[in-house]
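Colleague: I've got a model open on my screen and I'd like to learn how to read it. Can you walk me through it, feature by feature?

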Amino acid sequence: MNLVIDEGNTLCKCAWFEDGQLLRQELLGKDKVFSQKFWQDIDADNILLSTVKRTREEFFEWLGTTKKEVLFLDYRSKLPITLKYKTPQTLGNDRIAGAVAANAQFPGQNVLVIDAGTCITYDFVSEENAFLGGGISPGIHLRFKALHNYTARLPLVQHIPEKTPLVGRSTEESMLSGVINGVKAEVHALIEQYRNNYQGLKVIISGGDALLFETNPKNNIFAQPNLVLHGLNKILSHNAPL
């Protein structure tokens, strides 16, 4: 059994896999995950940690007393794809994992991964199974916060309705129209640009705001929940046994 732990800024996603299948996942506080008891009780053959906060040296110094073997993910880890990013040391683990999962789903094909979260990331994996790079732009909620924080009177929009008006008839509706419709236009325009440059392009959309975007397998646009977790598991399996 594989266990992957994705440590974010405040919480950890833990997911258990068997033969590539996601068996269960839990969202846990760091005080629980980074406790001696949690690590001593782990029932997994292989373990991977992906973190946005800890260095390799800090983690293994802490881990030393547990006598556990753990794969610590960073740009130097052995991957099933080739990284051709100019600055791999600055590349987020979530982008690496998403690219690996996309390539596993569509090996030997051009794939664009769009992760609609705090930021919207665009990551491209070529038909040569190489991660080339992509783009980063502010996510939906960052855009609303920027409008509120950097103007005198615009409110903070926190609720996003199921349908967004094209013509906003109030200030809040106008903000919704500008941000939501603007993001959708951005995403669809970039997809078309990639399609014009790369034949047979597959598109995978994931992330917390993925439901705002239409997916249609007939147009080679697919929704993929838990994309990062599946990518982390692929990386762990690629390195097992540790």
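Colleague: Let's begin with the basic inventory: how many helices and strands are there in the chain?

Modeller: The labels come from DSSP runs: H or I for helices, with at least four residues, and E for strands, with at least two, numbered from the N terminus. Here the chain has 7 helices and 11 strands. Bear in mind that this is a predicted model, where local features need pLDDT of at least 70 and side-chain atom pairs count only at pLDDT 80 or more, while totals for chains, interfaces and linings use all residues. Residues are numbered from 1 along each chain as its sequence is written, and side-chain values use heavy atoms, with hydrogens and water left out.

Colleague: What does the radius of gyration of the chain agree with?

Modeller: You take the radius over C-alpha atoms and hold it against a globule rule, 2.2 Å times the number of residues to the power 0.38. For 242 residues a compact globule would come out near 18 Å, and the chain has 20 Å, which agrees. The C-alpha trace spans about 60 × 45 × 35 Å along its principal axes.

Colleague: And how much of the chain is buried?

Modeller: Buried means under 20% relative accessible area, exposed means over 50%, and partly exposed is in between, using a 1.4 Å probe and protein chains only. By that scale, buried residues are 42% of the 242 in the chain. For contacts, meaning heavy atoms within 4.5 Å, look at the pairs with a separation of 6 or more: 50% of them join residues 24 or more positions apart.

Colleague: What about charges: how far apart are the mean positions of the positive and negative ones?

Modeller: Lys and Arg count as positive, Asp and Glu as negative, and His and the chain ends are not counted. Each charge is placed at NZ of Lys, CZ of Arg, CG of Asp or CD of Glu. The 25 positive and 26 negative charges have mean positions 3 Å apart.

Colleague: Now strands. Which faces of S4 are covered?

Modeller: In a regular strand, side chains alternate between the two faces of the sheet. In S4 (residues 46-51), 6 of the 6 residues are buried. Both faces are covered, with Asn46, Leu48 and Ser50 buried on one side and Ile47, Leu49 and Thr51 buried on the other.

Colleague: Which strands does S4 pair with?

Modeller: Two strands count as paired if DSSP finds at least two bridges between them. S4 pairs in the parallel sense with S1 (residues 2-7) over 6 bridges, and isoleucine 5 has leucine 49 as its bridge partner. S4 also runs parallel to S5 (residues 71-72) over 2 bridges, where leucine 48 stands opposite leucine 71.

Colleague: How do I spot hairpins, say around S2?

Modeller: Follow the chain from one strand to its partner. S1 and S2 (residues 11-18) pair antiparallel over 6 bridges, glutamate 7 being partnered with cysteine 12, and 3 residues lie between the two strands of this hairpin. S2 then pairs antiparallel with S3 (residues 21-29) over 8 bridges, with tryptophan 16 opposite arginine 24. That second hairpin has 2 residues between its strands, and aspartate 19 in the turn has a positive phi of about 55 degrees.

Colleague: What is the order of the strands in the open sheet of 6?

Modeller: Read it across: S6-S9-S8-S7-S10-S11, with mixed pairing. The edge strands, S6 (82-83) and S11 (221-223), each pair on one side only. Within the sheet, S7 (residues 111-116) and S10 (residues 202-206) run parallel and are joined by 5 bridges, and valine 113 stands opposite isoleucine 204.

Colleague: Back to phi. What is the value at asparagine 220?

Modeller: Most residues other than glycine have a negative phi. Asparagine 220 has a positive one near 60 degrees; its place is the loop between S10 and S11. With a relative accessible area of 23%, asparagine 220 is partly exposed. Asparagine 226 also has phi near 60 degrees and is found in the loop between S11 and H7 (227-239). Asparagine 226 is partly exposed too, at 31%.

Colleague: Is glutamate 214 buried or exposed?

Modeller: Exposed, because its relative accessible area is 69%. Glutamate 214 lies in the loop between S10 and S11.
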